[in-house]
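Let's take a friendly walk through this model, starting from one residue and working outwards. Keep the structure open beside you as you read.

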Amino acid sequence: MTTIKLAMDDSDNNELRAKLDDEQFQVTQNKGTERAFTGKYVDHKAQGIYRCVCCDTELFSSEQKFDSGSGWPSFWLPLAGDTVQTKIDTSHGMTRSEVVCKNCDAHLGHVFEDGPQPTGLRYCINSASLDFRDSQE
Ligand SMILES: [Zn+2]
């Protein structure tokens, strides 16, 4: 009873299934949200670059990471303005700005306007969407 039949036969999707764990897949492909304070990068302080877990695009830098107390990794600026895209998300009865990877459309999290200066933005990102690479490597 260990065989799981997948309804989808889209090859890209199967490739991602193989590459990602369940939570990473849920978050990036089905707009899931990991539980607050459970993500592996919430209190992560090492210097380096956070990449898209799906396509390896460089998205955020530890330079712009800050401790928001929200329970999710928070950044006040994406690494380069054109690697992440924001979309209006009206799910769950709220109007929020969804943050996605511009390259592969993976769901990353949401952006709020209560972050620190100079941008005043808070990119609230799921750890499960990110893959950290140490800048020493
Ligand atoms: Zn991506």
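A good place to begin is Val99: apart from its neighbours within four places in sequence, Val99 is in contact with Val84, Thr86, Leu108, Gly109, His110, Val111, Tyr123 and Ile125. Here, two residues are in contact if their C-beta atoms, placed from the backbone, lie within 7 Å.

Before going further, please note that this is a predicted model, in which local features need pLDDT of at least 70, side-chain atom pairs count only at pLDDT 80 or more, and totals for chains, interfaces and linings use all residues. Residue numbers run from 1 along each chain as its sequence is written.

**The core around Val99**

Val99 also belongs to the largest nonpolar core, which has 24 residues; those with the most contacts inside it are Val99, Cys101, Leu108, Tyr123 and Ile125. The elements that give two or more residues to this core are β1, β2, β6, β7 (107–112) and β8. A nonpolar core is a set of buried Ala, Val, Leu, Ile, Met, Phe, Trp, Tyr and Cys residues joined through C-beta atoms within 7 Å. A residue is buried if 20 or more other C-beta atoms lie within 10 Å of its own, exposed if 12 or fewer, and partly exposed in between, with C-beta atoms placed from the backbone. In soluble globular proteins, nonpolar side chains tend to be buried together.

**The chain as a whole**

The protein chain has two helices and nine strands, and along the sequence they follow the pattern α-α-β-β-β-β-β-β-β-β-β. Helices (H or I, at least four residues) and strands (E, at least two) are DSSP runs, numbered from the N terminus. Buried residues make up 30% of the 137 residues. Of the contacts with a separation of 6 or more, 53% are between residues 24 or more positions apart. The radius of gyration is 15 Å, which agrees with the value near 14 Å for a compact globule of 137 residues; this quantity is taken over C-alpha atoms, and the globule rule is 2.2 Å times the number of residues to the power 0.38.

**Two open sheets**

Six strands form an open sheet in the order β3-β4-β8-β7-β6-β5, with antiparallel pairing. At its edges stand β3 (65–66) and β5 (84–89), each with a single partner strand, so one side of each is left without a neighbour in the sheet. Another open sheet, of three strands, has the order β2-β1-β9 and antiparallel pairing too. Its edges are β2 (58–61) and β9 (130–134), each with a single partner, so one side of each has no neighbour in the sheet. Neighbouring strands of this three-stranded sheet are turned by 35° against each other on average, direction ignored. Two strands pair if DSSP finds at least two bridges between them, and the table gathers several such pairs.

| Strand pair | Bridges | Example of bridge partners |
|---|---|---|
| β1 (residues 48–52) and β9 | Five | Gly48 and Asp134 |
| β1 and β2 | Three | Ile49 and Ser61 |
| β4 (residues 74–75) and β8 (residues 122–125) | Two | Phe75 and Tyr123 |
| β5 and β6 (residues 96–101) | Six | Thr86 and Val99 |

**Helix α2 and its two sides**

Which residues of helix α2 (residues 22–30) are buried? They are Gln24, Val27 and Thr28. These cover an arc of only 85° around the axis, which puts them on the same side of α2; the arc is that of the directions from the helix axis to the C-beta atoms. The buried residues of α2 pack against β7. The face turned away from that buried side carries the exposed residues Asp22 and Asn30.

**Backbone spots worth a look**

Most residues other than glycine have a negative phi, and most peptide bonds are trans. Lys31, just after α2, takes a positive phi of about 55°, and with 17 C-beta neighbours inside 10 Å, Lys31 counts as partly exposed. In the hairpin of β5 and β6, which has six residues between the strands, His92 has a positive phi near 60°. Because it has 8 C-beta neighbours inside 10 Å, His92 counts as exposed. The hairpin of β1 and β2 has five residues between the strands, and there Asp56 takes a positive phi near 70°. Finally, a cis peptide bond joins Gln117 and Pro118, with omega about 15°; Pro118 is found in the loop between β7 and β8.

Terms used
Axes are lines fitted to C-alpha atoms, for helices over the stretch in contact, and angles run from 0 to 180 degrees between N-to-C directions.
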